[in-house]
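Here are my notes on this one, jotted down as I went through it. Have a look at the structure first, then read on.

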Amino acid sequence: MNSATQTAVTGNLDTDADALRRKLPAQDIFSFPFRSERGIRFLVFFADPLTDKELLGEQVVRPLLRYEGTPAAAQVGENLTAPERRAESALDKLAEEVLAGNPVLLWEGMDKALVVGTKKVFVRAIAEPTTDVAVKGPREGFIEDIKINTSLIRRRLKTPALRIEMLNVGRRSHTFVALCWLDGITPQKTVDEIRSKLRRIDIDILPDSSYLTHFLISRPHSLLKQVGTTEKPDIFCAKIAEGRVGILADGSPIALTLPYLLVEDFQSSEDYFVPSNRASFTRILRLLALFCAIYLPAFYIAAQLFKLQLFPVKLLLTIAGSIQDIPLSPSLEMLLVLFVLEVINEASIRMPKYVGMALSVVGALVLGETAVSAGFVSTPAIIIIAFSGIGLYAVPNLIETTSTLRLIMLLIAGSIGTYGIILFTAYLLVCLVTTENYGAPLLAPLSPLIKHDLRDALVKYDFDALSRRPVALRSRNKRRHA
Amino acid sequence: MNRISARQLFFFLACIAPVGKLVLMPAQLVHDVGNDLLFPAAINCLLQSGAVFCVLTLVRSQKSFYTLVAERAGRAAAKIILALLMLFLFYAAIMPILEQSLLVQNIFYDTLPSVLTFAPFFLFSLFLCAKPLSCRGRLWDLLGPLAIVAFVGVLAFSVGQADFGALLPAGISGVGSIFKGAARSLGWFCDSAILLVLLGKLEYRKGIALRGMLFYLLGGAAVLLFLAVFYGVFSDIALRQIFAFTKISKYFSGITVLGRIDFLFIYLLAFVMAFYCSLPLHACVECANLLFGDGKVKTPLYSAAVNAVMFSLTVLLNLSFLRTGEVILYKLFWIFLLFCLLLPVLSVFLRRTPHEKF
């Protein structure tokens, strides 16, 4: 057979090596030939930067140099000291393994090759994620390596019911994606549906798990968030224990969970480690903060432009005093302040840490103070936008949606007034109510009203009241604890 | 989302249906019967709750109104009745939408803006009417509690200023006037006609008809309470207090310190009202779906057509609101009698087994 058209290992070492080299022409793919004591010819293919060469020498080459047996695959395999090894004959698969960092061992007279797991793993240390900080509770966070991430999950869920299925996504990146669920709890239909959607994904590369969301939701163009995200294994495990499916992607520290309910983002892991009345209070506080953040600037503009009655008389006088010399219209003024806030926000995330402090001084003091004293913007506008900016971060996982909503509300309030705000809210409500993924309504348990699930929604009940899993997720096993 | 549960229906009957009766109806009743305004409203509530009961006895069959009529009288008759019902629903939507339009122009702005300010309502309505009618159930789950909060809020701010003695002596306007007032306010009690369109989408639960009626009566009681407080606050000048729910709490003493804090509840009621006003149009689109077939393109087209015509009517009739009200509520009140009372009552005969329990 011509090595160019060859698809599987033949047993002729030279032909097989040529065929594999043709598939892997990159310069960082090396082949290392050696002979055993009885003269059997071996050849190891490996990707230089990805393979642990020391381990390869120790666990593969050294034992085989002293090998005195026959070329039978089973015998050769038994002589290796590497615990992770697998026979494979398809050349495409072998090439994939080499590119993934696992060396491939070929030898004369055998129509199978051995894939050896001596991949070199470059990982950063497990640290507390910056987006999911908790004062009480576990501090571990996911990292970019999928194996370590799955091990973090396995460590928390030591049950055979935990299923982790590896899939391959990305035509060129061949990124590993792990589908995690608890057998007997998660509805099989949900697992099958997600699996089939993941298998149908046809993209070049998968740089991050967030790329998957587009393919997994019913309304990909919606402004609303439809997939749960977390960087913490404890939250991830809690979510799959409720009957959700978890998805991890190699190279991404952000795990996805489905189906997603909007109330999830008003809950924090800490809520479960503090007394329930405190947890309820903070949840309601988050909701109020978010409402204020979205609506306060809009109502301020609408009241100034269309309905001054909304202000108490004394406040109206104060506001009138501070805006009388402002050259901009109220909506333009508010948009300007919001624009500056967004720019400062964006710049402070991207810029080097060392200049961050300087930026804060320039942003907060110089821009804010000077703009007010120069008469460009009024003090109430700055106070409202500052509060709104802080309020949005009370629910950080929704920041993309809520900051856009705030801007839209502001534009509507400036053009139509309060009735516009009411109608846009009504429109949003219809969108929220009609969005559903994998049979779970986005707004559950508030709409449809699920009495049982309200125990852990905006108000959190005591541990004893939460003995059953959320009804909205339709988990197969209803009881969580006695 | 394919079905409306009994709970969601009860939320509609008890909390959302009353909201539409708080805008112009109170002043209209005062105009007709003075301090006896509770009587015509109570008569309509009782009659309408009976009609609601009759319609809800059909829920058990789990069939749409069209199918039920078709099974009894044939498809041609069913189509004619449904087409008439569709036209009626459109007709019934005119007053609430004109009301809403005036409300927006008068209450949401310090100055009197153009009627076009109300145009975004039709964009929202177009969007909502293109959704399946059954999505209303989930909306009612949220709007129900919101309506309660808003209603209680508005009443809490106003009940302290009410002098209920103003309602006495009762019955001085005479029986004739009371019935005349009831007839003239029939236009605000179209809920049973909407329920006819909801048939087939409502989930059956034992006793749904009786409970539905009781919940409707509960909503009616809330309206009566509101009317009593309204007349108690304004007494003889109540006649001039159109947009009653926005005016009733304005004498609350805390307003000087807190500003018009009652507007939070008023806006909340207006929010619920936006959904309520578009419901007849939504039901109209649903009728069109049944008559002419539905689809991803057809339903939005019906919705666009219905809302475009209604928008044009709103613009045209805006300046002649009083004349329109006279024609619809005074002269053509029998249309409401026909579709909101007679048709629902007659629909009882569509039941296959007349002796089954409700």
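1. Let's begin with helix H10 of chain B, residues 208–234. At 1.5 Å a residue, its 27 residues ought to span 39 Å, and the end C-alpha atoms do sit 39 Å apart, so expectation and model agree. Keep in mind that this is a predicted model.

2. How much of H10(B) is buried? The count is 19 of its 27 residues, so the rest of the structure largely encloses this helix. Just past H10(B), Ser235(B) adopts a positive phi, about 50°.

3. Now chain B as a whole. You'll find 16 helices there and zero strands. The radius of gyration of chain B comes out at 20 Å, close to the 21 Å from the globule rule for 358 residues, so chain B is as compact as a globular protein of that length. Its C-alpha trace spans about 60 × 45 × 35 Å along the principal axes.

4. On packing in chain B: 53% of the 358 residues count as buried. If you take the contacts between residues at least 6 apart in sequence, 88% of them join residues at least 24 apart.

5. Last, the contact between the chains, to which chain A and chain B each give 29 residues. On the chain A side, helix H10 (313–323) and helix H15 (418–434) each supply at least two residues. The largest share of that side is from H15(A), with twelve residues. Sorted by class, the side of chain A touching chain B has 20 nonpolar residues, seven polar and two charged.

Notes. Residues are numbered from 1 along each chain as its sequence is written. Chains are lettered from A and ligands numbered from 1 in the order in which they are written. This is a predicted model: local features need pLDDT of at least 70, side-chain atom pairs count only at pLDDT 80 or more; totals for chains, interfaces and linings use all residues. Helices (H or I, at least four residues) and strands (E, at least two) are DSSP runs, numbered from the N terminus. The radius of gyration is taken over C-alpha atoms; the globule rule is 2.2 Å times the number of residues to the power 0.38. A residue is buried if 20 or more other C-beta atoms lie within 10 Å of its own, exposed if 12 or fewer, and partly exposed in between; C-beta atoms are placed from the backbone. Two residues are in contact if their C-beta atoms, placed from the backbone, lie within 7 Å. Ala, Val, Leu, Ile, Met, Phe, Trp, Tyr, Cys and Pro count as nonpolar, Asp, Glu, Lys and Arg as charged, and the others, Gly among them, as polar. The expected span of a helix is 1.5 Å times one less than its number of residues.
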